[in-house]
Amino acid sequence: MEAENQAAVVRQNQGEIALILMQNPPVNALSKAVRVGLIEEIQASLDDDSIKAIVISSQQKLFSGGADISEFSSGNLEPNLPAVLDLIENAQKPVIAVLNGPAFGGGLEVALSCHYRITFSDNKVGLPEVNLGILPGAGGTQRLPRLAGVATALDMIVSGKPVSAKALPTVFDLLVSDPLDLLNEAMGFVQQVIADGAIVKRVKDIVIDPASAPAELFAQYRQGIAKQARGFFSPERCIQAVEASVELPLAEGLKKEGELFMECMRSPQARAQQHFFFAERAASHVSDFDKTTPVREVKKVGIIGAGTMGGGIAMNFANAGIPVVMLELKQEALDKGLAVIRKNYTNSAKKGKLTEQDVENRMALLNGTTDYAGLADVDLVIEAVFEKMEVKEQVFSKLDEVCKQGAILASNTSTLDLNQIAAATSRPQDVIGLHFFSPANVMKLLEVVKGDETSADVIKTCMQLAKKIRKVAVLVGVCFGFVGNRMIEPYGRESNRLILEGATPEQVDKIIYDFGMPMGPNTMGDMAGLDIGYFVRQSRQEFISHDPSYCVVGNRLVEDGRVGLKVGKGIYLYESGSRKPIPDPSVLEIAKQEAEKLNVAQRDLSDEEILERCIFPLINEGAYILEEGIAAKSSDIDVIYVYGYGFPVYRGGPMQYADEIGLDKVYNAMCQYRDSLGEYGKMWFEPAPLLKQLAEQGKKFADYKPA
Ligand code: T1G
C-alpha cells in the first residue's frame with residue numbers, strides 16, 4: 001500500500017489484547033492524523049468488552065520522533081497531544097507502550113502517559129524539545145521526573161540529549177536485551193498484566209518526595225548550565241517546569257507546563273531554532289543531482305599535506321573507517337603529522353571518548369607516503385597545501401598525472417577560484433572543493449564547492465560522503481571566499497573601521513558577544529592571528545584599494561609585529577599562558593593617529609550602530625550571494641553561519657535573523673549608513689538589489705526562489 005494512502009494508525013486485536021500501531025513515515029511524527037487515529041483506536045478498544053489491555057507500538061523503525069514540527073506554524077493542533085495522553089492515562093484498561101525503536105519528544109511523552117512501558121535495553125529515548133526553543137509540552141516535564149527522578153529528568157529535558165533505556169530502569173517495566181525478542185516478550189508481559197487483574201498504574205498518582213529535589217539541586221543545575229545556555233530562552237523555562245513537578249499535583253503541574261510551553265513557542269528563538277532544524281536537513285536537498293545520478297565508491301582517500309588542516313581532515317575519514325594515505329614530500333613532516341594525529345586520539349582516549357583499541361584501529365587506517373605515486377589508487381584526494389594559487393595549480397597538475405581515471409580531485413581551498421584550479425587538469429569534471437573548517441576534525445561544517453564543470457555524480461558523491469564523515473555539507477558556488485569567508489569580510493572590515501572611528505575593541509567585542517556570537521571579532525582576530533587577514537588582504541588589493549582606511553588599524557598592528565595571541569599581543573595584550581584579552585590603550589592611540597592621517601573624525605558610537613554595522617553588511621553580502629546563485633537558498637547560508645562561525649542558533653542564522661526583524665529594517669539601516677558615512681558609506685553600504693526588492697515587497701529571504 002502506498003504510504004500516502006495508508007492509515008496513520010491501525011489496530012490488530014490479538015485475543016484480549018488490542019495492538020495499536022502508528023505508521024506515519026518517515027519518523028512517525030505525531031501529526032493530526034496520528035492523534036486522531038490514536039483517539040479513535042484507543043476509544044474503540046476501551047468500548048470493546050472483549051479487550052482487556054491495549055498496546056501502543058509502531059510499524060516504523062522509530063516508535064515516534066515526536067510532534068510534527070512542520071505543523072507548529074499552522075497552529076492546527078487540535079486534537080492536541082495532551083488530549084490524547086489524558087485519554088490514555090485515564091483509561092480504565094491498562095495501556096502498555098512497546099517502544100520498538102527510538103522515542104523522542106511527544107513520542108516519549110505518549111509512553112510516559114501509558115500505564116506500563118517496555119523496550120529493549122539499547123533503545124534511545126529523549127526529550128529534545130529544548131533544541132527547538134520549546135519544552136516538552138505534553139506532560140514530559142511532569143511525568144518523567146515522577147518516573148526517572150528529578151535529577152535525571154532535569155538533565156534529559158534541559159540538555160535534550162538522547163539516553164539509553166537501560167539508564168532509565170524506573171521508567172520501564174520490562175527491558176528486553178534482544179530487540180528481536182521485544183514483541184514476543186512484551187505480549188507475554190501484557191498477558192501477565194491481564195492475569196494479574198489488569199491493574200492500571202497511573203504516573204499521575206506518583207508523588208515526588210520534595211527531599212529528593214531540594215532547592216539547591218535546581219540552583220546548582222542553573223549554575224552548571226549557565227555558560228552553554230547563555231542567551232537561550234527555553235532552558236530556564238524547562239527548569240521551571242520541572243520545579244513545578246515537585247511543587248504541584250500533576251493537573252496543576254500540567255497547567256504550568258502548558259503556560260511555559262506557550263511562552264517558549266511564541267518566542268523568536270523558537271521560530272529560529274525550528275527554522276534551523278529544517279534548514280540543516282534541507283541543505284542536503286540539492287537540485288544538482290537526483291535519485292538516478294550515480295555515486296562513485298570511495299574506498300580510499302589521499303590527503304596532501306599532513307599539517308593542521310591535512311591531519312584534521314584525515315582524522316575524519318579514519319573516524320569513519322575509511323583508509324587514508326597522507327602525502328608529504330619530507331619524511332619528517334609526515335612523521336610529525338602522524339604523531340600529532342596519534343596524540344589527538346590518545347587525548348580523546350584519556351577523556352574516555354575512545355578506547356585504546358579505537359586509537360590503534362584508527363591509526364592503522366592512516367598511512368603515509370613521500371611520493372605522489374602513493375596516490376595512484378585513491379578514489380578521492382584532498383589537497384590541503386599552502387593557500388596560494390600557483391601552489392594549488394602545481395599540485396593539481398601533478399594529481400592529473402598520477403591519479404587513476406574517475407578519482408575525485410578535491411581542494412580544501414578556503415577562498416581561491418576552484419575553476420582556475422580545475423583548469424590545471426585535463427579532468428575539470430572530477431574537480432570539486434571540500435572546504436573544511438579548522439579544526440577540521442571538530443567543526444561540523446563542510447562547504448562543498450562546485451566548479452563550472454564539476455559533474456553531478458562527483459557532487460552527489462561528496463554530499464553523501466559528508467554524511468558518512470559526520471559533517472553538515474552545504475553546496476556552494478565559486479566566488480572569493482565562497483559563502484562563509486565572503487560574508488565574514490564585511491564583518492571584519494566594519495569591526496576594524498569602528499575602532500578607527502573611535503570605538504574601543506572591547507566595546508565592539510562586548511556588543512557582539514552579547515548578541516550571541518561565541519566571541520567578539522577582535523578577540524577572534526587575535527586568536528586566529530591578525531596576519532591571516534593581513535595576507536588575504538594583500539591578495540585582494542583590487543577589491544579594497546579604493547578605500548585607504550581598509551583595515552588600517554589591523555595592518556598597523558601586523559606591521560608592528562602584533563599578530564595576536566600567539567605572540568602575546570595583537571588588538572589586546574595577553575599575559576603569558578593566558579588567553580584573557582587585556583585592553584591596550586596604545587591601540588587606541590594607533591587608531592587616533594590613523595584617523596587623523598585619513599581625516600576621519602572620531603566620535604562616540606552607540607551600541608546599536610556598532611551591532612548594525614557588523615551584522616547588517618554581513619546579511620547584505622548574503623543577499624548578493626543569493627542573487628548570484630552562490631548559495632541556492634537563504635537557509636543554506638544560515639547553516640554555514642551557525643556551524644562555521646558560531647552565529648547563535650537561537651537567532652537561526654543571519655538570514656533568518658533578518659527575516660525575523662524585517663528586511664525593511666535592514667534595508668533602511670543600510671541606506672542610512674550609506675548616506676551618513678560620507679565617501680566610506682557610499683563605498684560599502686549600498687544595499688544589495690535583492691535586499692531592496694524583498695524589503696519593498698514586504699517579503700523574506702526565505703521566500704526567495706531563484707528564477
Ligand atoms: N516533525 C516533522 N518532521 C520531522 C520530525 C518531526 N518531529 N523529525 C524528523 N522529521 C523529518 C526531517 O525533517 C526529515 O525530512 C525526515 O523527517 C527525516 O529526518 C509536544 C512539541 C527523529 C532522530 O525534536 O531528531 O514533540 O529532510 O533526516 O536522521 O512535547 O529526525 O527528509 O524532508 O532527521 O533518521 C520533538 C526531531 C518534536 C525530534 C530521526 N522531537 N527529529 O533522525 O532522520 S516537538 C524532535 C530528529 C515535540 C512535544 C513537543 C530526527 C530523528 P526530509 P532525519 P534521522
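A polar contact here is a pair of N or O atoms within 3.5 Å. Keep that cut-off handy for the stops below, and remember that what you have open is a predicted model.

**Stop 1: the ligand**

Select the ligand and go looking for its backbone partners. One oxygen atom of the ligand is 2.8 Å from a polar backbone atom of G106, so that pair falls inside the 3.5 Å limit. Next, pick G137: one of its backbone N or O atoms is 2.9 Å away from an oxygen atom of the ligand. For a nitrogen atom of the ligand, go to I69, where a polar backbone atom is 3.0 Å off. Now put a surface on the ligand: by itself it exposes 990 Å², and 71% of that is buried by the protein.

Which elements give two or more residues to the shell around the ligand? Colour helix 3 (106–113) and helix 10 (268–282) and you have them. Helix 10 makes the biggest contribution, with three residues.

Now show the whole shell, which comes to 26 residues. A67, G106, E109, E129 and R281 are the closest of these. Colour the shell by residue class and you get 15 nonpolar, six polar and five charged.

**Stop 2: Q656, next to helix 10 residues**

Staying with R271, A272 and H275 on screen, add Q656, which is in contact with those three and also with D638 and R651, sequence neighbours within four places left aside. Q656 sits in helix 26 (654–661). Is Q656 buried or exposed? Its relative accessible area is 10%, so Q656 is buried.

**Stop 3: the nonpolar cores**

Move on to the largest nonpolar core, with 87 residues. The members that touch the most others are L375, L399, V483, I615, I619, L691 and F701. Helix 24 (607–627) supplies ten residues to this core, the most of any element.

I619 is a good one to centre on. Beyond its sequence neighbours within four places, I619 is in contact with P654, M655, Y657, A658, V666 and F701. Then zoom out to find another core, apart from the one just visited: it has 68 residues, including A97, L99, L108 and A111. As background, nonpolar side chains in soluble globular proteins tend to be buried together.

**Stop 4: V158**

Jump to helix 5 (150–159), where you will find V158. With a relative accessibility of 9%, V158 counts as buried. What is V158 in contact with, once neighbours within four places in sequence are left aside? Show V130, Y221, I225, P235, C238 and I239. If you want a distance to draw, connect the C-alpha atoms of V158 and P102: they are 56 residues apart along the chain and separated by 19 Å.

**Stop 5: G305**

Next, select the loop between strand 10 (301–304) and helix 11 (308–319) and pick out G305. G305 has a relative accessible area of 7%, so it is buried. Its contacts, setting aside neighbours within four places in sequence, are G310, G311, M326, L327, E328 and A384. Draw another C-alpha distance here, from G305 to L334: 8.2 Å, for residues 29 apart along the chain.

**Stop 6: the loop between strand 2 and helix 1**

This loop, between strand 2 (17–22) and helix 1 (32–47), holds Q23. Q23 is buried, at 10% relative accessible area. Zoom in on the side chain: one of its polar atoms is 2.7 Å from the backbone oxygen of A7. A7 is one of the contacts of Q23 beyond four places in sequence, with Q6, A8, V9, V10, N28, Q59 and Q60 making up the rest.

Stay in the loop and select N28. N28 is not a glycine, yet its phi is positive, about 55°. At 0% relative accessible area, N28 is buried. P26 is in this loop as well, and the peptide bond from P25 to P26 is cis, with omega near 5°. For context, most residues other than glycine have a negative phi, and most peptide bonds are trans.

**Stop 7: two more backbone spots**

Where is the other cis bond on this tour? Select S438 and P439: the peptide bond between them is cis, with omega near -5°. P439 belongs to the loop between strand 15 (431–436) and strand 16 (445–450).

Finish at F482, in the loop between strand 17 (472–476) and helix 17 (484–500). F482 has a positive phi of about 55° without being a glycine. Its relative accessible area is 0%, so F482 is buried.

Terms used:
Residues are numbered from 1 along each chain as its sequence is written. This is a predicted model: local features need pLDDT of at least 70, side-chain atom pairs count only at pLDDT 80 or more; totals for chains, interfaces and linings use all residues. Side-chain values use heavy atoms; hydrogens and water are left out. A residue is near a molecule or strand if one of its heavy atoms lies within 4 Å of it. A polar contact is a pair of N or O atoms within 3.5 Å; within protein, one must be able to donate a hydrogen and the other to accept it, and residues adjacent in sequence count only if both atoms are side-chain atoms. Accessible areas come from the Shrake-Rupley method with a 1.4 Å probe; for residues, only the protein chains shown count as cover. Helices (H or I, at least four residues) and strands (E, at least two) are DSSP runs, numbered from the N terminus. Ala, Val, Leu, Ile, Met, Phe, Trp, Tyr, Cys and Pro count as nonpolar, Asp, Glu, Lys and Arg as charged, and the others, Gly among them, as polar. A nonpolar core is a set of buried Ala, Val, Leu, Ile, Met, Phe, Trp, Tyr and Cys residues joined through side-chain atoms within 4.5 Å. Buried means under 20% relative accessible area, exposed over 50%, partly exposed in between (1.4 Å probe, protein chains only). Contact means heavy atoms within 4.5 Å.
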